[in-house]
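Got the structure open in your viewer? Here's a walk through it, one selection at a time.

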Amino acid sequence: MAFREYTIGARMFGLAFGTSMFITLYMPATDIRNVSVTEIGLHRQLGFGRVGGFSYEDPFLKGEAKPQTVDITTDPKTGASIEATRAYVYQAGVPFPNGIRHPIILGEKPEEKSKNVGKISQADDTQGAVFIVREIDEGGETIPFIENATATRGWTPADVMKVATDENTYHIGKGKIMFVREGCWWCHTLLPEQTQDWQYFGAPPMLGDFNGESPTAFGSDRKAPDLTHVGSRNSSREWMMMHFFNPRLVQPHSIMPRYDYLWGENDASGTPINYDQWRTEYNQYVANERVYPPEVPIPAAESEARALIDFVLNLK
Amino acid sequence: MFKYLFAKNEDIPPGSAAIFFGFSSILWFIVGTGLGSFNAAKLAFPDFVTGIEMLSFGHMRQVHVLAVILGWISMAFAMAMMYITPALGNTKLWSEKLGVWNCFIWNLGLGLGLTLLWFGMSSGREYSDMIWPIDLAIIFGILTPLCLNVAMTIKTRRTQGIYTTNWFFGAATFMVIIVFTVGNSPEFFQLTGLTEAYLTWWFAHNVLGLWITPVAAAISYYIVPKVTGNPLYSHRIGHLHFWSVVVFYSTPAAHHLMSSPLPEWLKSFASVEGVLILVPAIAFVSNLLLTMTGKWKMFVENVEIKFTITGVLMAIPLNMQGGFQQTRAINWYIHGTGWIVAHAHLALLGFSTFLEAAAVYYGLQTLLRRKLYSLALANFHFWMLLVGFTTYWISMTIAGLIQGAGKIYEVPYIDVVIAEHPYMIARWVGGTMVFLGNCVWLFNMWKTMRQGTVIPAGRLPHELAYER
């Protein structure tokens, strides 16, 4: 490095590259961190839990240590009737999402309300907690925030799960893991494109809709419909079930893979699923040797298929 | 290879690391394109191999992408660096032993990382899919030793100046470490939301812009003057290329997310900078094509020049697409469609693969001191790659335009899928041709090592006539 021009060159390189990094990393980061979370953003992160991909708690992406989402109409503490509320149940040991662990990411006002009104600082993940999303009007502005219902209302995870029914329990957090692990996002985007796409697939996401969510899994290579609002377009659990088991049952031209292996060994009634027989009968149906295709087994509550269906139906 | 891992540095023959990297890269290329062909078959025929989790499209797509990027392309880069950097410095590689270890750990780490990815252990972030422990292993076990070896070889050179190729090698090996570290920081530090989305595409853009594109270009800056015997047309234009890569190519990351709710100033800035990618692109292409002056016969007769110049020519449509397709005026139509898939393959399978193949062809002959076994097989490889890629590119571009039209006319999506079906078959045929061509290439290089005519001392490979 004896030459003077290489000394100058190295410094110029540092300057050029440093400026580029300042503009593309520092400036956007400071801008994005001022974004306040929306109500949708709170629902998303509470439903998904801490991470939707690889993590300590769930290294093999089995959907372990994830929250449950339940819709309740009864106060689990008093037994009184309440208006329909969506509660996010974090059993003891399930890690909290980033909005609880680092409330600064919620943005100034939701952070203040979540701490002071929602008492999220009192939540303890070794004990478990139940969270709900609330809104408060202040100075003509609606501020969404997280309420730690365990602290404010005395709802424990066990109480909430007692009043919840199986139909009203959604394994959204586990389902997001399935969505990532099975690579659904290689073909289905979670981000409507600009222009006419919005009419077809619905409103685009807003600035604060993602605070606390990771990965966002927007997808880039669309070979199939956008799923941002799929739960609003099609809310049929039966259709989803058939479609995941073998997409050609409901859409003969679909190129989606079959996800029958997510059903596991037994169906909802505990009966072992005979895949060989199912495929043989299906092939007969395709060859016009049967009038009807074989019945699709109903997935067990703890199966991966059930979680994925819960996740997709809740993309609204 | 294994016997050199624990040998003394002086006892390892110079060039060993580069040879190991060369053959490893060809093997990974076969693996990567084989997976690509298998995946493409599934898109054309969805019930081809079904019901097995490990062989489902969603488990294999990312393995194909990363096997090609980190196995084929990056290992071919390491191969090129390990023989070109010392050659241009009139010296030996700083540490041959470090190079051999680098190759060993690279193969091991990549094999492990891809296996875990195949099992579904993913971060869920495109291009940075590897889980963060593997990311750390890549940064500290693979990229840092490579950067150290290249930088120290440049430092201990026995020439006065530093040639263009080595500016790019030195800068790119440094920048790729920064890109991997910052790009994976959402996984290290639990960054979420739009920051995570932005950094995912910041990584994806910069690994292309600051690693693959400049290193591929640097290879042609070496091969073309070396084989034709013409001096580089202009070092000034080389300067323009280098500095405009650093300034312009490192900034447009946000143009990958034009329809996301990122700050508008960021998207506009990225879009303008994205058009400025044409500056390094035009500088590069014109410099190399003008270097060919008077030697265009070699484009037909010489394998390395044939591959290199084909790659350079592919940079023209590549950058014309890349510069303009990300502007708001065009992006809304083609974003997220097969057009982008075609563009990505134009960058990696068209432009860059042809340059790397030239480096591996030329490097293995130089280092093994053996003339290429068969020109006919090399030409067969070339045409399988070119025709296979072109079939792929044209079919995916048409599929993308169909998707774009379907998008604006609000056609039910299933009709788009039906309309795309013939192009999905064409894509599978094209990808399979590339895979088969690569198998022939491995055979050819293996025969070169075993049976190629020995190149006499003081002679270069291209000075000997082809025999078959």
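Start by colouring chain B by confidence: its mean pLDDT is 95, and 100% of its residues reach 70 or more. Keep in mind that everything on this tour is a predicted model. For the model as a whole, the scores are ipTM 0.95 and pTM 0.95.

**Stop 1: chain A from a distance**

Hide chain B for a moment and zoom out on chain A. Its C-alpha atoms fill a box of roughly 80 × 60 × 40 Å along the principal axes. Switch to cartoon and you'll find 12 helices and five strands. Of the 316 residues of chain A, 47% count as buried. If you like contact maps, take the contacts in chain A between residues at least 6 apart in sequence: 73% of them join residues at least 24 apart.

**Stop 2: the sheet**

Now select the strands of chain A. In what order do the five strands of the open sheet run? Reading across, you get β4-β3-β2-β1-β5 of chain A, with antiparallel pairing. β4 (141-148) and β5 of chain A are at the edges; each has a single partner strand, so one side of each has no neighbour in the sheet.

Zoom in on β1 of chain A (residues 68-74). On one flank, β1(A) pairs with β2(A) (residues 81-90) through six bridges, in the antiparallel sense. Pick Gln68(A) and look across: Val89(A) in β2(A) is opposite. Then pick Thr74(A), whose bridge partner in β2(A) is Ser81(A). The hairpin of β1(A) and β2(A) has six residues between the strands, and among them is a backbone worth a click: Gly79(A) takes a positive phi near 80 degrees.

What about the link from β1(A) to β5(A)? Select residues 169-170 of chain A, which make up β5(A), and you'll see two bridges joining this strand antiparallel to β1(A). Val70(A) stands opposite Thr169(A) there.

**Stop 3: helices against the sheet**

Add α2(A) to the selection. This helix lies across β1, β2, β3 (129-138) and β4 of chain A. Against β3(A), α2(A) runs at about 175 degrees.

Next, bring in α4(A), residues 108-116. Which residues of α4(A) are buried? Show Pro110(A), Glu111(A), Lys113(A) and Ser114(A) as sticks and you have them. The elements covering these buried residues include β3 and β4 of chain A.

**Stop 4: two domains in one chain**

Colour chain A by domain: 39-171 is domain 1 and 178-313 is domain 2. Their C-alpha centres lie 26 Å apart. The contact between them takes 19 residues from domain 1 of chain A and 17 residues from domain 2 of chain A. On the domain 1 side, α2 (39-48) and α3 (98-101) of chain A each supply at least two residues. The largest share of that side, five residues, comes from α2(A), the helix you just saw lying across the sheet strands. Colour that side of domain 1 of chain A by class and you get eight nonpolar, nine polar and two charged residues.

**Stop 5: where chain A meets chain B**

Bring chain B back. How many residues of each chain are in contact? On chain A there are 63, in contact with 57 residues of chain B. On the chain A side, α1 (4-32), α7 (172-181) and α8 (197-201) each supply at least two residues. The largest share of the chain A side comes from α1(A), with 11 residues. By class, the side of chain A that touches chain B has 34 nonpolar, 19 polar and 10 charged residues.

**Stop 6: a tryptophan in chain B**

For the last selection, go to Trp441(B). You'll find this residue in helix α17 of chain B, which spans residues 413-451. Is Trp441(B) buried or exposed? Trp441(B) counts as buried because it has 23 C-beta neighbours inside 10 Å, and the cut-off for buried is 20 or more.

Show what surrounds Trp441(B). Leaving out residues up to four places away in sequence, Trp441(B) touches Ile26(B) and His381(B). Finally, draw a distance from Trp441(B) to Ala357(B): the two are 84 residues apart along the chain, and their C-alpha atoms are separated by 9.7 Å.

Conventions: Residues numbered from 1 in each chain as written. Chains lettered and ligands numbered in written order. Predicted model: local features only at pLDDT ≥ 70, side-chain atom pairs only at ≥ 80, totals over all residues. Helix = DSSP H or I, 4+ residues; strand = E, 2+ residues; numbered from the N terminus. Buried ≥ 20, exposed ≤ 12 C-beta atoms within 10 Å, placed from the backbone. Contact = placed C-beta atoms within 7 Å. Domains from an automatic or database assignment. Nonpolar A, V, L, I, M, F, W, Y, C, P; charged D, E, K, R; others polar. Pairing = 2+ DSSP bridges. Axes fitted to C-alpha atoms, helices over the stretch in contact; angles between N-to-C directions. pLDDT = per-residue confidence, 0-100.
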